[in-house]
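Good morning, everyone, and thank you for making room for me today. I would like to walk you slowly through one protein, beginning with the whole and then going into a few chosen places.

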Amino acid sequence: MKLGIVGLPNVGKTTLFNALTHANAAATAYAYTSAESNRGVVPVPDERLDRLHEVLETPKKVYATIDVVDIAGLAEGASRGEGLGNRFLADIRGVDAVAHVIRTFANADVAHVRDAADPQADAELVETELVLGDLELVERRREKTVKAARSGDKAMQRELETVDGLVAALREGTLARAVERSAEDLPLYRELALVSDRPTLFVLNTDDEQSADEALAAHADFVAWARTRGDQVVAVPARLEAELADLEPDEAAAFRAELGLEVGALDAFIRAAYDVLGYLSFFTGDFRSSESRAWQLPRGWTAKQAAGRIHSDIEHGFVRAQVVAIDDLLELGSFPAAREHAKLRTEGKEYVVQDGDVMHFLHTG
């Protein structure tokens with residue numbers, strides 16, 4: 001599961017990346033001086049796993065993770081290769097969802113590609129370049145499809161209808177993810193891997209002293225615009241969080257308390273990113289386990305598919321799953337107690353996993 005951090009130059013992408021990963025990647029104050037994408041792995045915080053680890057007294061706990069890519073800044077004209085456009089578009093094709101960083105902080109020492117902060121204008125500029133990049137790719141695909149469709153190939157004629165509709169939408173500036181599609185079209189969309197087809201989380205990069213609620217209120221029009229489209233918006237003081245990431249946890253907590261800073265901006269961002277990616281968490285662990293662990297799973301997947309997340313042999317030999325809601329397990333303290341209180345149930349391979357399920361898989365082999 002891979003999340004790409006994107007945005008205009010100098011909006012704080014690399015600073016946010018450092019806050020998340022503790023990577024100390026170089027962040028500059030001028031446009032286009034960060035040419036390489038940075039990569040890291042971020043654990044997904046989950047208080048339920050923390051409590052499960054304590055209740056079951058397992059030797060260790062393992063969080064689910066997100067792979068994060070800090071993608072070099074995009075410029076107007078990127079679809080024509082301006083700035084680092086070609087590299088930007090190539091890198092973004094490799095991610096599953098986008099965290100789009102929008103600058104709202106004031107800092108005269110950091111160059112701004114626009115005269116003043118305008119979150120919606122910044123978002124639309126980036127999205128325009130994504131759409132134009134997609135349009136070029138789809139038009140090339142159309143040229144090949146037209147030739148095949150002329151031969152009478154029914155599948156190619158069907159594809160040409162889909163591609164023509166997509167071209168028309170992109171020419172109107174519509175994001176690919178807003179274009180309706182049938183189940184029959186999904187393989188084509190997966191093959192195209194359009195950059196404007198990625199689900200998006202907007203991140204307002206705020207001043208240090210501004211709370212998340214204050215930042216969202218200050219940019220209420222942008223928040224409403226984004227949420228009307230179905231996008232999530234969070235606010236993070238990235239520079240402050242990056243500085244706190246360099247401290248030991250106890251020191252960071254003390255510093256927050258001293259300054260009266262709120263806790264949880266980064267956690268809120270990570271959880272929102274997890275939701276945007278379309279994942280839920282299920283858990284494994286009992287008194288015989290060496291660990292309590294959170295596993296990520298696409299929403300709508302089955303118990304058998306969840307077993308495959310742990311090991312392909314468990315999926316292939318799947319017999320059944322024992323399932324209990326984590327809140328019930330935490331309250332009762334063990335699988336045997338959950339069974340005694342009729343909270344532990346047996347589910348087959350077609351059971352659709354729910355967020356917060358604690359699962360024990362029975363399998364052959």
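The secondary structure of the protein you see here comes to 15 helices and 12 strands, and please keep in mind from the start that this is a predicted model. Of its 365 residues, 51% count as buried. The protein exposes about 17,700 Å², and carbon and sulfur atoms supply 47% of that area. If we take the contacts between residues at least 6 apart in sequence, 69% of them join residues that are at least 24 apart.

Let me turn to a single helix, α8, which runs through residues 220–228. Which residues of this helix are buried? They are Phe 222, Val 223, Trp 225 and Ala 226, and because these residues cover an arc of only 160° around the axis, they sit on the same side of α8. On the other side of α8 we find Asp 221 and Thr 228, which are exposed.

What do the buried residues of α8 pack against? Their partners are the strands β5 (97–103), β6 (200–205) and β7 (232–236), together with the helices α4 (119–150) and α7 (212–218). Just after α8 comes Gly 230, which takes a positive phi of about 95°.

Two of the buried residues in α8 also bring us to the aromatic rings. In the structure as a whole, the count comes to seven aromatic pairs. In one of them, the rings of Phe 222 and Trp 225 have their centres 5.6 Å apart and their planes at 35°, so this pair is tilted; to follow that step, you need to know that planes under 30 degrees apart would count as stacked and planes over 60 as edge-to-face. Phe 222 and Trp 225 both lie in helix α8, three residues apart, which is about one turn of the helix, and both of them are buried. Elsewhere, ring pairs link Phe 282, Trp 295, Phe 318 and Phe 361 into a cluster.

Now to the charged side chains. How many salt bridges does a search of the whole structure find? The search finds 22, and I have picked out three of them for you to look at.

For the first, look at Asp 46 and Arg 48, whose side chains meet in a salt bridge with an N to O distance of 2.9 Å. Asp 46 and Arg 48 are both buried.

For the second, Arg 239 forms a salt bridge with Asp 208, and here the closest N and O atoms are 2.0 Å apart. This pair links distant parts of the chain, since Arg 239 is in helix α9 (residues 238–245) while Asp 208 is in the loop between β6 and α7, 31 residues apart. Is Arg 239 buried, exposed or partly exposed? With a relative accessibility of 42%, Arg 239 counts as partly exposed.

For the third, the side chains of Asp 357 and Arg 345 meet at 3.9 Å, again N to O. Asp 357 lies in strand β12 (residues 357–363) and Arg 345 in strand β11 (residues 345–347), so this salt bridge ties together parts that are 12 residues apart in sequence. The two partners can be set side by side: Asp 357 is buried, with a relative accessible area of 4%, whereas Arg 345 is partly exposed, at 31%. There is also a network, in which salt bridges that share partners join Asp 46, Arg 48, Arg 271 and Asp 355.

Arg 345 leads us on to Ala 325, a residue of strand β10 (residues 318–325). Leaving aside its neighbours within four places in sequence, Ala 325 is in contact with Arg 345 and Gly 356. The C-alpha atoms of Ala 325 and Val 358 are separated by 6.0 Å, although these residues are 33 apart along the chain. Ala 325 itself is partly exposed, with a relative accessible area of 29%.

I will finish on the surface. Which residues form a nonpolar patch there? They are Leu 247, Phe 255 and Leu 259, which together have about 240 Å² of accessible area. Phe 255 has its place in helix α10 (residues 249–259), and with a relative accessible area of 32% it counts as partly exposed.

Note on methods
Residues numbered from 1 in each chain as written. Predicted model: local features only at pLDDT ≥ 70, side-chain atom pairs only at ≥ 80, totals over all residues. Heavy atoms only, no water. Patch = residues over 30% accessible without salt bridge, like charges linked within 9 Å, V, L, I, M, F, W, Y side chains within 5 Å. Areas by Shrake-Rupley, 256 points an atom, 1.4 Å probe, with all protein chains shown as cover. Salt bridge = Lys/Arg side-chain N within 4 Å of Asp/Glu carboxyl O. Helix = DSSP H or I, 4+ residues; strand = E, 2+ residues; numbered from the N terminus. Buried < 20%, exposed > 50% of the residue type's maximum accessible area, 1.4 Å probe, protein only. Arc of directions from axis to C-beta. Contact = heavy atoms within 4.5 Å. Phe/Tyr/Trp six-rings, centres within 6.5 Å; stacked < 30°, edge-to-face > 60°.
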